[in-house]
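Trainee: I should like to learn how to read a helix and its salt bridges in a model. Could you guide me?

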Amino acid sequence: MAAQTGTCTVQPIASEGDFDSHAAALPPSCLAVIYFHAPWAEPCKQMSTILSTLAATYPATQPPQITFLSLDAEEVSDVSERYDVTQVPLVVLQKDGQVVEAVTGTDAARVRNAVEKHAGSPSTGAGLPPAQKVTKPAPSANDPVAPPPQTNGAAADLSKYTPSATDPTTAPQFSSGEQQAASMSKEELNARLAELVKAAPVMLFMKGTPSAPQCGFSRQTVSMLREKGVRYGFFNILADDEVRQGLKEFSDWPTFPQVYVGGELVGGLDILKEEFENDADFLKDYSVQKQAQTA
């Protein structure tokens with residue numbers, strides 16, 4: 001019988017190694033509640049409160065029967081990539097190394113019901129905060145009505161695509177067209193990737209599109225490029241798993257988004273932030289203003 005040692009708390013995880021050591025020490029019967037969050041995402045503040053309250057209703061035992069782990073999805077990006085984190089907050093429930101359920105959003109009842117389903121009811125009936133409602137803004141009259149053109153990987157004329165605050169489709173999209181029935185060989189895939197990373201002077205490989213990013217990191221990258229007035233091409237990796245998986249090895253960079261300049265990898269969101277912080281003129285040669293002056 002497990003010995004009680006108080007109540008559970010949410011344990012912050014600072015690195016991939018920290019996460020792996022925690023996970024390896026758990027008995028197969030223990031439910032791991034893995035919480036992915038980001039400091040810039042307002043709904044995560046409420047989810048943090050929800051999980052702290054929920055954790056306190058479960059007894060801390062030895063060996064553990066349930067554990068709550070908290071990860072900054074951006075700081076521990078390797079673990080985020082493993083769990084295919086495309087939005088936050090995200091709560092993943094795992095037993096014996098297998099994901100049994102995942103819950104997005106800030107609905108306290110959904111989170112509690114999912115945890116109770118796999119771990120049983122807690123020892124106390126503490127109340128949880130209500131769900132936070134997030135309403136999608138109504139379409140604006142300035143929203144574009146036509147999507148950007150698609151190409152088969154060849155460079156496109158970027159002169160028509162001027163980033164602005166009212167135009168979320170700031171760049172032409174590059175795609176491979178229809179999925180091929182048979183997988184490419186590694187050589188063919190690498191040749192294709194070599195063309196894609198040079199399809200535009202600045203290329204962004206992201207989850208989703210500039211008008212509809214599918215993860216916070218892609219959203220922030222688009223926002224940063226738009227703020228700096230940078231013209232760029234983009235590729236939605238969620239629409240092509242061959243590119244998504246192949247680019248990780250091709251670039252030796254395991255996470256997305258990825259930014260390339262002149263066919264060379266710059267890095268992800270963190271690196272892009274650092275480059276702009278260290279050099280205010282970074283990517284200035286690819287800005288709308290610069291290209292207008294040289295036209």
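Mentor: We shall discuss one helix and then the salt bridges. This is a predicted model, in which local features need pLDDT of at least 70, side-chain atom pairs count only at pLDDT 80 or more, and totals for chains, interfaces and linings use all residues. Residues are numbered from 1 along each chain as its sequence is written, and side-chain values use heavy atoms, with hydrogens and water left out.

Trainee: Which residues of helix 4 are buried?

Mentor: An α-helix has 3.6 residues a turn, so residues three or four places apart point the same way. Helices are DSSP runs of H or I with at least four residues, numbered from the N terminus. Helix 4 comprises residues 108-119. Its buried residues (under 20% relative accessible area, 1.4 Å probe, protein chains only) are Ala108, Val111, Ala114, Val115 and His118. They line one face, because they fall within an arc of 140° seen down the helix axis, the arc being that of the directions from the axis to the C-beta atoms.

Trainee: How many salt bridges does the whole structure hold?

Mentor: A salt bridge is a side-chain nitrogen of Lys or Arg within 4 Å of a carboxyl oxygen of Asp or Glu. The search finds seven. In one of them, aspartate 20 pairs with arginine 82, with the closest N and O atoms 2.9 Å apart.

Trainee: What does that pair tie together?

Mentor: Aspartate 20 lies in helix 1 and arginine 82 in helix 3, so the pair ties together parts 62 residues apart in sequence.

Key. Helices (H or I, at least four residues) and strands (E, at least two) are DSSP runs, numbered from the N terminus. The expected span of a helix is 1.5 Å times one less than its number of residues. Buried means under 20% relative accessible area, exposed over 50%, partly exposed in between (1.4 Å probe, protein chains only).
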